[in-house]
Amino acid sequence: MMTTLPRFARYCLVGLVNTAFHVLVFLTVHTLWGLSQTGSNLAAFMAAVSLSYTLNARFTFDSHRSWRRYGTYLGFMGVVSLVIGRLGDSFAWPPSVTLVFFCATSLSAGYLFSRHVVFTGRLS
């Protein structure tokens, strides 16, 4: 399915949508509610992860969705989100640095983890 775009390109397209949603939630929670970068990044991640998982399962990896796969993806990416948010707080990074660092890490580590761990099997 969807053979016109290479898998990584599809992952990037889904990532653009997911990243915009993540940034919107992060900035809203951090700016309007005054939550730390750790909490804001985790809240934004939690809001965006379901969208990303569903779109990637359907359009990127042509794989069935399951609670086990979702939990695996949620756990790994949740730890990445917490660690990067904590780094932002610890080093007093501007929120934009935390967001850019998370997005870059999420793109590379998230793709590799999704491709080789979460969505193994029925790959087109």
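# Close-up views of a predicted four-helix model

**Figure 1. F119, a buried ring.** F119 is buried in this predicted model, with a relative accessible area of 1%. The partner to look for is F61, which counts as buried because its relative accessibility is 0%. A search of the whole structure turns up 13 aromatic pairs. In the pair made by F61 and F119, the ring centres are 4.9 Å apart and the planes meet at 15 degrees, so the two rings are stacked; the cut-off for stacking is under 30 degrees. F61 sits in the loop between α2 (37-60) and α3 (67-90), while F119 belongs to the segment after α4 (95-118), so this pair ties together parts that are 58 residues apart in sequence.

**Figure 2. The aromatic cluster around the stacked pair.** Step back a little from the previous view, and which residues join F61 and F119 in one aromatic cluster? The other members are F8, Y11, Y53, W67, Y70, Y73 and Y111.

**Figure 3. D62, a loop residue with positive phi.** D62 is found in the loop between α2 and α3. Its phi is near 45 degrees, a positive value in a residue other than glycine. That is worth a second look, because most residues other than glycine have a negative phi. Is D62 buried or exposed? With a relative accessible area of 17%, D62 is buried, since the cut-off for that class is under 20%.

**Figure 4. A92, positive phi in another loop.** Here the view moves to the loop between α3 and α4, where A92 has its place. The phi of A92 is near 55 degrees, again a positive value in a residue other than glycine. A92 is exposed, because its relative accessible area is 64% and the class begins over 50%.

**Figure 5. A nonpolar patch at the surface.** V17, F21, L24 and L51 together make a nonpolar surface patch of about 330 Å². Which helix gives the most to this patch? Helix α1 (residues 7-33) does, with 3 residues. V17, one of the patch residues, is found in helix α1. At 46% relative accessibility, V17 counts as partly exposed, because the value falls between the 20% and 50% cut-offs.

**Figure 6. T31 and P94 across the sequence.** T31 lies in helix α1 and counts as exposed, with 55% relative accessibility. How many residues separate T31 from P94 along the chain? They are 63 residues apart, and their C-alpha atoms are separated by 12 Å.

**Figure 7. The whole chain, for orientation.** Having toured the details, here is the setting they share. The chain has 4 helices and 0 strands, and its pattern along the sequence reads α-α-α-α. Along the principal axes, the C-alpha atoms fill a box of roughly 45 × 25 × 20 Å. The radius of gyration is 15 Å, which agrees with the value near 14 Å for a compact globule of 124 residues. Of those 124 residues, 37% count as buried. Among contacts between residues at least 6 apart in sequence, 67% join residues at least 24 apart. The accessible surface of the chain is about 6,600 Å², and 72% of that area belongs to carbon and sulfur atoms.

Conventions. Residues are numbered from 1 along each chain as its sequence is written. This is a predicted model: local features need pLDDT of at least 70, side-chain atom pairs count only at pLDDT 80 or more; totals for chains, interfaces and linings use all residues. Side-chain values use heavy atoms; hydrogens and water are left out. Rings of Phe, Tyr and Trp (its six-membered ring) pair if their centres lie within 6.5 Å; planes under 30 degrees apart count as stacked, over 60 as edge-to-face and the rest as tilted. Helices (H or I, at least four residues) and strands (E, at least two) are DSSP runs, numbered from the N terminus. Buried means under 20% relative accessible area, exposed over 50%, partly exposed in between (1.4 Å probe, protein chains only). Patches are made of residues with over 30% relative accessible area and no salt bridge: like charges are joined within 9 Å, nonpolar side chains (Val, Leu, Ile, Met, Phe, Trp, Tyr) within 5 Å. Accessible areas come from the Shrake-Rupley method with a 1.4 Å probe; for residues, only the protein chains shown count as cover. A salt bridge is a side-chain nitrogen of Lys or Arg within 4 Å of a carboxyl oxygen of Asp or Glu. The radius of gyration is taken over C-alpha atoms; the globule rule is 2.2 Å times the number of residues to the power 0.38. Contact means heavy atoms within 4.5 Å.
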